[in-house]
Amino acid sequence: MTITLASLSVLLLASIIISTQGFTTTTTTTPPVVHHPLSMSAEAETEVEKKTIGPIKSLDGTVTLPGSKSLSNRCLLLAALSEGNTKVENLLDSDDIRYMIQALQTLGVPLEEKKETDSRTVLVTGQAGPLPSPKQNDNDDDDDDVVELFLGNAGTAMRPLAAALSFSPSASFVLDGVPRMRERPIADLMDGLQQLGANVECVKETGCPPVTIQPPSSSSSSDSSKTTTTTTTSRTALISGKMSSQFLSSLLMAAPLLEEEVTITIKDELISAPYVALTIGLMQQFGVTVEIADAETNEVKPLSELESIARPSFTIAKDAAYVSPGTILVEGDASSASYFLAGAAITGGTVTVRGCGSQSVQGDVAFAHVLEQMGATVTWDDTSITVTRDPDTTSSLRGVDVDCGKIPDAAMTLAVVALFAEGPTTIRNVYSWRLKETERMKAIVAECTKLGATVEEFRDYCIITPPSVVNNRVEIETYDDHRMAMTFSLAACAGVDVIIRDPKCTAKTFPTYFDELASLTT
């Protein structure tokens, strides 16, 4: 099925921005904005900032990456749950991380923030167990008091906090966010938590937030399929891993709070396994070991073999408890690295990203291997990656057919690289796109089509056939999705102007992205 622009139309602008060579920013009154392709409800007329990216001839230079979003929020939560104080270095300074910090502060966790040269450091005072509630120290006898936490559109805050707070012994919570957060499924996580004895629920009709948490019940679940009770010395949960690996990661991080042996088994398949490996490796740095086994054979496996296990299970010992490592350094964000590396591959420049490399714990570094398959030259160091391509000696980039289930965020960048390749590019196993900050599959299809590509959309993959010429002055709808803004800025590598709507949405993970891009651009 070929998707045309007409079938995925978005509202057009009422005015045109006149830009010059380079990057310009304009604020313009526009018609109603559609925040994501599945929501066609209109908002009131509003002013939307736009940034024009001028033609990019080449990307060259070195970028020091901001801290990883996934690692930053995991580090903050584990530090808060640990015994002892933790100094978290190179913490990402972005909206998603601020939501986690604000939530922890609301819960009474002491945090001290410091700005050191170009990086950010936070000192977290560990609580040595379940997170406190600010209501615990109140003199108010009202039993109906509920702690409300607003988490924006930060999935890396919503899911882990929902799990951790489900085992708070005496408090009630409501976790909520922006309208899009109320469309992002979380029912599989609720199911796993309930099996472990938590008194937690989301909106039944949608399977999405808000999440309501009550203190754990002392009785077992009424569902006969859930055999665990809060009085047993071991607990088990059987969950789906097909929707999001964050559900499993959240359960794993919360498991030591139960002070009982916990086994979590995947009942179907596990997507984005590298993110689970990242979680387990980080838990180990905080003193908690996760035993991994093949659920079919019960054979214990090393972490390095996680991705090869069709249906894994994970066990955390009864005496597991988090202990601060003292200081922990957050790796540079591998997903953010993909934009600069892709720009070098497209233009024939040379770009080095510092902060993640061959020793990275993040799965998205594998995107560099995809660029290599397409014809780029990749050089690896322990903490850096360099990509180049000599257009005088190397033919154009080649279209590829890639399973991107382990690199769903970086796979978005591949969609724009595909515009510059010879032949079609197939991006497979990315159903999770549909559950992210926006409905990313339809967003990718719509914006690539506007740029001139022919895109075929399927349930969990798409095929992108590049245009003979990338259309000039296309206005990119970002749908309040940071990765849409950063990904499609690279269309300017075709020597055309690209207009990015709402460029400040990159504040979710990379507030200085456009400044960094401009510093490399000729």
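This report describes the aromatic ring contacts in the structure above, which is a predicted model.

**Aromatic pairs**

A search of the whole structure finds 7 aromatic pairs. One of them joins Phe340 and Tyr513, in a tilted arrangement with 5.6 Å between the ring centres and 40° between the planes. Phe340 belongs to helix H7 (residues 334-347), whereas Tyr513 belongs to helix H12 (residues 513-520), so this pair ties together parts that are 173 residues apart in sequence.

Both partners are shielded from the surroundings in the sense of relative accessibility. Phe340 has 0% relative accessibility and therefore counts as buried. Tyr513 also counts as buried, because its relative accessibility is 0%. Tyr513 takes part in a further aromatic pair, with Phe514, and this one is edge-to-face: the centres are 5.1 Å apart and the planes stand at 70° to each other. Phe514 is buried, as is Tyr513.

These contacts belong to a wider group. Ring pairs link five named residues, Tyr339, Phe340, Phe510, Tyr513 and Phe514, into a cluster.

**Charges over rings**

Aromatic rings also meet arginine side chains in this model, as the table shows.

| Arginine | Ring beneath it | Distance from the ring centre |
|---|---|---|
| Arg428 | Tyr461 | 4.9 Å |
| Arg459 | Tyr431 | 4.3 Å |

Arg428 lies over the face of Tyr461, and Arg459 lies over the face of Tyr431.

Definitions and conventions:
Residues are numbered from 1 along each chain as its sequence is written. This is a predicted model: local features need pLDDT of at least 70, side-chain atom pairs count only at pLDDT 80 or more; totals for chains, interfaces and linings use all residues. Side-chain values use heavy atoms; hydrogens and water are left out. Rings of Phe, Tyr and Trp (its six-membered ring) pair if their centres lie within 6.5 Å; planes under 30 degrees apart count as stacked, over 60 as edge-to-face and the rest as tilted. Helices (H or I, at least four residues) and strands (E, at least two) are DSSP runs, numbered from the N terminus. Buried means under 20% relative accessible area, exposed over 50%, partly exposed in between (1.4 Å probe, protein chains only). A charge sits over a ring if NZ of Lys or CZ of Arg is within 6 Å of the ring centre and within 35 degrees of the ring normal.
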